[in-house]
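Please examine the structure shown below together with its sequence. The paragraphs that follow lead through a few of its parts.

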Amino acid sequence: MIFYYTCVGSDLRLLPPLLQHYRNLGLEQRLVVLNTRSPFDRSISRARKIVYESGALLAKVWVETDWNAKQHLIREEVLQAHCAKEDWVVTSDIDEFHIYPQAVTAMVEYCERKGYDYVTGGVIDRISRDGRFPVLRPDDLWNQFPLEAKVTENIMKACCDKVVLCRAWVKNNLGQHFAEPGARPCPKEELFVKVHHFKWDRTVRRRSGIRLKELLKGRHYWWVENDRFLRYLKENEQRLNVADPLLDVRDGERFEPLALTLPASLSY
């Protein structure tokens, strides 16, 4: 069986299209963890409603203020409770929408045949046509953010590697950037997944400022990534300069659900 897993915070604007996206990819077994700062957070009732209406499962409400150091442990706990070792799991953040080179069922079948334990991908940022940060339209993401850019990689200088699909027993590190030793990866030349990153809306400056303060308070070394982004905005009139070669801007790929078949290109 193939599961989908995500851990989300109190900003749930992207949760409905996220769950629909992965359902369109053939993933009916979708597990959601909600992280809140308080057991009385209003987001709990909203999350329950969204998850229920999507046909997914709210697997855990996790009350924790400094979630950065523990998120991967919560993932392990939830997967152990709901998955068998032979199952596979797709994992993404709430703003990460995968586009697969082949149907996910075909990718799993291929990996099992070859003896691979996980598939990797890379973050590609989706931005607006003029590089400004619009009010989010969750039901029109692919049109609202039509360009691909390398904000995370070249401006923030953050890690863009992602473990996007793996056997349920495979442990990932913080942020699902790497699998722990002992698991066999599928070579990128054989399978590689684009992780479309819909982060860059009207609220991103405020969220980045809050995130910077939280990371500094928790003494997490990757605070510098948010600091680089905010400094870039200050130097570029509070927008992403689409003419900046560092961003490597290009027209973005559009999502179309894949047929759930094994194509000839994944030969045995």
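At roughly what angle do the axes of helix α7 and helix α8 cross? The model is predicted, so that local features need pLDDT of at least 70, side-chain atom pairs count only at pLDDT 80 or more, and totals for chains, interfaces and linings use all residues. Residues are numbered from 1 along each chain as its sequence is written, and side-chain values use heavy atoms, leaving out hydrogens and water.

Helix α7 (residues 204–217) and helix α8 (residues 223–235) have axes that cross at roughly 145 degrees and come within 8 Å. Axes are lines fitted to C-alpha atoms, for helices over the stretch in contact, with angles from 0 to 180 degrees between N-to-C directions. Helices (H or I, at least four residues) and strands (E, at least two) are DSSP runs, numbered from the N terminus. Among the residues that meet, in contact (heavy atoms within 4.5 Å), are L212 and L216 in α7 and F229 and L233 in α8.

Helix α3 (residues 71–82) has buried residues (under 20% relative accessible area, 1.4 Å probe, protein chains only), including I74, V78 and L79. The buried residues of α3 pack against β1 (2–8), β2 (29–36), β3 (57–63), β4 (88–91) and β8 (161–167).

Elsewhere, F97, W142, F145 and F198 form one aromatic cluster. Rings of Phe, Tyr and Trp (its six-membered ring) pair if their centres lie within 6.5 Å; planes under 30 degrees apart count as stacked, over 60 as edge-to-face and the rest as tilted. Both F97 and F198 are buried.

Note on methods: Buried < 20%, exposed > 50% of the residue type's maximum accessible area, 1.4 Å probe, protein only.
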